[in-house]
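Visitor: I have a structure to go through and a short list of questions. Can you take them one at a time?

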Amino acid sequence: MTLALDIRHRLGTFLLDARFETGSGLIALFGRSGAGKTSVVNTIAGLIRPHAGTVMLDGTVLVDTARGVFVPPHRRRIGYVFQEGRLFPHLTVRQNLLYGHWFTPPAARGDGFERVLGLLGIEPLLERRPGRLSGGEKQRVAIGRALLSNPRLLLMDEPLAALDEARKAEILPYIERLREQSRVPIVYVSHSIAEVTRLASTIVLLSEGKVAAVGPVSEVMHRLDLFPLTGRAEAGAVVEAVVERHDERFGLTELRSRAGSWRLPRLDAEVGARLRLRVRARDVMLAKSAPTDVSALNVLPGIVADIRVGDGPIVDIRLDCNGEALLARLTRYSVERLGLAPGAPVHALIKSVALDRRSLSGPIAQGPGADAEADEA
Amino acid sequence: MEHSARLWSAGAGVLRTLLGRFVAGVRSEQLRVRLSAMDWMALSPEEWTAVKLSLRVAVVATLFSLPFGIAIAMALARGRFWGQSLLNGLVLMPLILPPVVTGYLLLIVFGRKGPVGAFLADHFGIVFSFRWTGAALACGVMGFPLLVRAIRLSIEAVDARLEQAASTLGANRAWVFLTVTLPLIAPGIIAGMILCFAKAMGEFGATITFVSNIPGETQTLPSAIYTFTQVPGGDSGALRLTLVSVAISMLALVASELMARSANRRLDIE
């Protein structure tokens, strides 16, 4: 799939001027509240008619204001999961799920009903009405309803924003499974860095109506200059790792990445499984020489690649650990005391307990239960 | 087979006995008194005609107003067009004008010599003046503001975001209206229809001005009651029709209450 968008649209005093082109996978539209994320998805869905520009999906023109082309939403075959679910209150869950079938020829109905029920675990809800569902159940039904309309593209506008932490943890694994098992590409809107690093393959970073950066998750997340936009407090590196072995005696799991090996509390993952580890910059310590008597289990050698000094006492540093990027946030005082400069060899120290299961993603064999447990821990 | 046949004949016998007793009972003096009390309650043929005519006029007025009512309520609630407030004022007019004025205006426009009335009579053979159809038109016009207002309020209460959701699932505008908007405004439509029906049942001023008070043709319940109060000895007739009127109104109210409750239950509104 390719999605190419180049639009200008004015909403009151807010000017949306966005242009990007992306491939398949899960594309995250990321940015602060009010950055224009929802306006962009609404334009893709056809709920907003932009004042100028073009929207193309897989070579089909959806919008071209210069030629006066505007395909109405019901002919776009783009599924939309809204923040608030928007289930039809007068229909049962089953009727909600099958709503799209009324407008799809039988041959094109695609994703099997049973398969979607299984994927989202909504079989027991079928005869209920939306008024009697919990927030998490509503969102799962909304995802199923969009999937069953046989979409070419699935839009998800902050589908977890209205839910509490426990409900988020309930749904995230379903979205991960959807990403792995369904061939439908997804555009996922979020302002949560954790969700985005966990789910996305590509990030479109929006700021004040403009596209600030487009690229693979690790690339965008590791750019120190984008920290003010990606959110400094939660900023962190994304490390691709493979499960090496489990240490049953201490309840630890060992992971291998290009940067070196990691040990963290026991995971429900099979040996050999690939996953994504999010290492927050504020959890990383730096040392000039390899420390010997230290409790931190993860000590990774690397080289200072980039230093970005802000106005305040905080300095952001990017390390190159054998080709894998790591980020660290230190005080300016520490940086000067250690004499850190680009090219300086250092060791990064990360406590195992800082790497909880919430910082993980990937095709881990875990149900909603495992995640809920992680939340309590 | 034989057994059931015997049962049948036994049943028929019992029925025959019961009927016989009933007929004998009717002949007894005691029951005659009771029946004469019921005689008072029974409507005379003229009164029946007025009741039936009123029901017909109200039903026809409500059903014919409905599609226009929904369309105009949609336009007023959702549309943004020039002359919107003018249309709104026009629809509400019969509510504030004296009914006699509305009736007279109808007579001017829809009368046999009126511009619209003459056109409809010449081209479609539809005549309003001094016909029951005219009574239905007058009642429809008088009930229209109530119908439109109830439907409009319920349309404004519909979450337009649900309609957007339906369109992303492949429904075009007509389907969105039929499968989402219409079911969601159904309680409002029912409320509006009952208001319109009740108004039509009670309409007097505009009807009597437009189509007069012809027994069997345009004499509806209110006109009949009015006529009874104008003749000596008409009190009992007026009272009977008043009771019928009260009963119909109560029924309409109860029906609307029941339907609103079932609609709410369907939407799971606690």
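Visitor: Among contacts in chain A between residues at least 6 apart in sequence, what percentage join residues at least 24 apart?

Guide: The model is a predicted one. Chain A folds into 10 helices and 21 strands. Contacts here are counted between residues at least 6 apart in sequence, and the share that joins residues at least 24 apart is 68%.

Visitor: Is chain A as compact as a globular protein of that length, and what is its radius of gyration?

Guide: The C-alpha trace spans about 65 × 50 × 30 Å along the principal axes of chain A. For 377 residues the globule rule gives 21 Å, and chain A comes close to that, so it is as compact as a globular protein of that length. Its radius of gyration is 22 Å.

Visitor: What distance separates the centres of domain 1 and domain 2 of chain A?

Guide: The domain assignment of chain A gives domain 1 as 3-221 and domain 2 as 236-376. Taken over C-alpha atoms, their centres are separated by 32 Å.

Visitor: Where does the largest nonpolar core lie with respect to domain 1 and domain 2 of chain A?

Guide: This core holds 152 residues. Among the members that touch the most others are Leu155(A), Tyr188(A) and Ala138(B). Both domains of chain A give residues to the core, so its place is between domain 1 (3-221) and domain 2 (236-376).

Visitor: Which helix gives the largest share of this core?

Guide: Chain B has 12 helices and 0 strands. One of these helices supplies 15 residues to the core, the largest share. That helix is α7 (residues 132-157) of chain B.

Visitor: Which residues does Ala348(A) touch, not counting residues up to four places away in sequence?

Guide: Ala348(A) is one of the core members that touch the most others. Leave out residues up to four places away in sequence, and its partners are Val284(A), Leu286(A), Leu300(A), Gly302(A), Leu319(A), Cys321(A), Leu326(A) and Ala328(A).

Visitor: On the side of chain B that touches chain A, which helix gives the most residues?

Guide: The contact takes 21 residues from chain A and 17 residues from chain B. On the chain B side, α8 (160-168), α9 (173-202) and α12 (235-267) each supply at least two residues. That side divides into 9 nonpolar, 5 polar and 3 charged residues. With 6 residues, the one that gives the most is α8(B).

Visitor: Does helix α6 of chain B lie largely in the open or largely buried, and how many of its residues are buried?

Guide: Helix α6 covers residues 115-124 of chain B. Just after it, Gly125(B) takes a positive phi of about 70 degrees. The helix has 10 residues and lies largely in the open, because the number buried is 1.

Visitor: Is Arg86(A) buried or exposed?

Guide: Arg86(A) sits in the loop between β7 (78-81) and α2 (93-97) of chain A. Its phi is positive, about 55 degrees, although it is not a glycine. Most residues other than glycine have a negative phi. There are 22 other C-beta atoms within 10 Å, so Arg86(A) is buried.

Visitor: How does Asp58(A) count, with 13 C-beta neighbours inside 10 Å?

Guide: Asp58(A) is in the loop between β4 (52-57) and β5 (60-64) of chain A. Its phi is near 50 degrees, again a positive value in a residue other than glycine. A buried residue needs 20 or more such neighbours and an exposed one has 12 or fewer. With 13, Asp58(A) counts as partly exposed.

Methods
Residues numbered from 1 in each chain as written. Chains lettered and ligands numbered in written order. Predicted model: local features only at pLDDT ≥ 70, side-chain atom pairs only at ≥ 80, totals over all residues. Helix = DSSP H or I, 4+ residues; strand = E, 2+ residues; numbered from the N terminus. Rg over C-alpha atoms; globule rule 2.2 N^0.38 Å. Contact = placed C-beta atoms within 7 Å. Nonpolar A, V, L, I, M, F, W, Y, C, P; charged D, E, K, R; others polar. Core = buried A, V, L, I, M, F, W, Y, C linked by C-beta atoms within 7 Å. Domains from an automatic or database assignment.
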